[in-house]
Amino acid sequence: MALSTMIHNHLPTTLNTDVNRISAIHSYQEVVFDHLKTNKTSNRGARRLAESLSNLLHLHIEPLSSRKNLQFSNWDLLDEEKHNNPTTSPKELVADKWRDILGSMDWDNLLDPLHPCLRREIVKYGEFAQATYDAFDFDSFSEYCGSCRYNRNKLFEKLGLSKNGYKVTKYIYAMSHIEMPQWLERSHLMDTWSKDSNWMGYVAVSDDEETRRIGRRDIVVAWRGTVAPSEWYEDFQRKLKPIGIGEAKVEHGFLSIYTSKNESTRYNKSSVSEQVMKEVTKLVQFYQGKGEEVSLTITGHSLGGALALLNAYEAATNLPGLHVSVISFGAPRVGNSAFRDELDELGVKTLRVVVKQDLVPRMPGIVFNESLQRFDDITGTLEWVYTHVGAELRLDVSSSPYLKRGFNPLGFHSLETYLHLVDGFLSTGSTFRSDARRDVTLVNKACDMLVDELRIPNCWYQFANKGLVCNEHGRWVKPRREPEDIPSPIGEAHDHIRIEMQGSYQMLYGN
């Protein structure tokens, strides 16, 4: 099993909303360390490569013995205090400042120090991206490997995200004509739900209450990412391909995932690009037709952050005047400087959240990147040089007293590590936020980043008994999925027709 599978071995929890606490933790996957035991040689090589890169790139990895930021002398008291506090702050009304929060002024004076309202929104969109991991079926012995474990009507309820005030309207599926095996999860079984496609994310829209709070009807697209840091070299084709009609070029592996389709497949008769744009266009037209102000916010982590930029480029091109923004986490470079410039001209606002120790945001183009622009007068614009897009919120693992020191590429790249650091960030000159409320335990979902004093097991996010249940005969078996959670392109099409009819009825006759 590839490390790409292990790093994002995030699987669903059941949330007890009465006590706002996770009540059941489940997973089908083996933990990272089981994999490391069976594949020591290849992982030692990958680790040496990553360590060499970290030294080359001056990532400032602190040794394991360094604990200069551990401010607490009694971890038991701290633990008790955290357990008795809610994991979220009260929601604030941001209707009069939503454009600033989504980058209308390129986040000037909002990032350092980090504005509290912006922090909350970043975490909200990060949790939407995290949902694409938590609900994904990584079990290679399941006939549904590569699908979402829940139908779209249950997704947020199962993951404890209903409190955010959004409803999922569409699931999206992707394939690729380019062999990029580290992102596509396949079942070992012959009879499976799909041999070509993976669930790649979803489209959601804010409900009426959340719309009033945030000042507009917000459409969200959340993209799933899959790739571990040590495997980016393996997956990148390192080839730029034209996009649009100008000089913009993007990495052709990303573009293949975004645009590939095949009439003989069940889920990708249309590309993920066509699926998402059809749904977004329908929602924009519907809510603008009701006289509402509408925004499109696209989020994703790792590979998902790359797909988010391609999605933003297409949406801004085809839906002029729509406020389009991207909030990405640990995303790689996607295209050249012309691609960046076209996104700017289209009005796309991009905020990249980056952890200093994470290798992925430095790829592709570790050496040849936007830093070469200082030589443009000599060389001219280099069309083949990868360039980052937008504003950057830069975080540092060493700022948190809860995180271990030492080299941990899986932990550095984990989205839960990112969300923990966002929640605790005040400014580059400040210590970790003492009143940060997000549950620190989440950091160790699929890695080993928390200090031992917290006594949180590594990779704890697992299904009981690795998904097996004891049947009425006393035999341990794999349970069947609930019928409504079994992926079905026909069922989803019928669902869509029903929703479109309801929407047409509302437009004609009102609520």
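Where is Pro 364 found? This residue sits in the loop between β10 and α14 (376–379), and the peptide bond leading into it from Met 363 is cis. Welcome to a quick tour of this predicted model. The stops below cover backbone details, two helix pairs that share α12, and a cavity to which α12 also contributes.

**Backbone details**

- The Met 363 to Pro 364 bond is cis, and its omega is near -20 degrees.
- Another cis peptide bond runs from Asp 112 to Pro 113, this one with omega near 10 degrees.
- Pro 113 has its place in the loop between α5 (98–101) and α6 (116–134).
- Cys 459 is not a glycine, yet its phi is positive, at about 50 degrees.
- You will find Cys 459 in the loop that links α16 (415–424) and β12 (469–470).

**Helix α12 against α13**

- Helix α12 spans residues 303–318 and helix α13 spans residues 337–346; they pack at an angle of about 45 degrees, with axes 10 Å apart.
- Angles under 35 degrees would count as roughly parallel and 65 to 115 as roughly perpendicular, so α12 and α13 are oblique to each other.
- The handedness of the α12 and α13 crossing is left.
- On the α12 side, the contact uses Leu 309, Leu 310, Tyr 313, Ala 316 and Thr 317.
- Facing them from α13 are Phe 339, Glu 342, Leu 343 and Leu 346.
- Sorted by class, this contact of α12 with α13 holds seven nonpolar residues, one polar and one charged.

**Helix α12 against α11**

- Helix α11 (residues 272–289) also meets α12: the two axes come within 11 Å and cross at roughly 50 degrees.
- That angle makes α11 oblique to α12.
- The crossing of α11 and α12 is right-handed, whereas that of α12 and α13 is left-handed.
- From α11, the contact draws on Ser 273, Val 276 and Met 277.
- From α12, the partners are Asn 311, Glu 314, Ala 315 and Asn 318.
- The class count for α11 with α12 is three nonpolar, three polar and one charged.

**Cavities**

- How many cavities of 30 Å³ or more are there? The count comes to five.
- The second largest cavity holds about 60 Å³ of space.
- Its lining has 15 residues, and those nearest the centre of the second largest cavity are Leu 309, Pro 332, Val 334, Arg 352 and Val 389.
- Leu 309 thus appears twice in this briefing: the residue lies by the centre of that cavity, and it is also among the α12 residues that meet α13.
- Helix α12 and the strands β9 (323–329) and β10 (349–355) each give at least two residues to the lining of the second largest cavity.
- By class, the lining of the second largest cavity divides into seven nonpolar, six polar and two charged residues.

Terms used. Residues numbered from 1 in each chain as written. Predicted model: local features only at pLDDT ≥ 70, side-chain atom pairs only at ≥ 80, totals over all residues. Heavy atoms only, no water. Axes fitted to C-alpha atoms, helices over the stretch in contact; angles between N-to-C directions. Helix = DSSP H or I, 4+ residues; strand = E, 2+ residues; numbered from the N terminus. Parallel < 35°, antiparallel > 145°, perpendicular 65-115°, else oblique. Left-handed = near helix turned anticlockwise from the far one by under 90°. Contact = heavy atoms within 4.5 Å. Nonpolar A, V, L, I, M, F, W, Y, C, P; charged D, E, K, R; others polar. 1 Å grid on protein atoms, 1.4 Å probe; cavity = no way out; pocket = protein on both sides within 12 Å on 5 of 7 lines; lining within 4 Å. Points joined across faces, edges and corners; volume = space filled by probe spheres on them.
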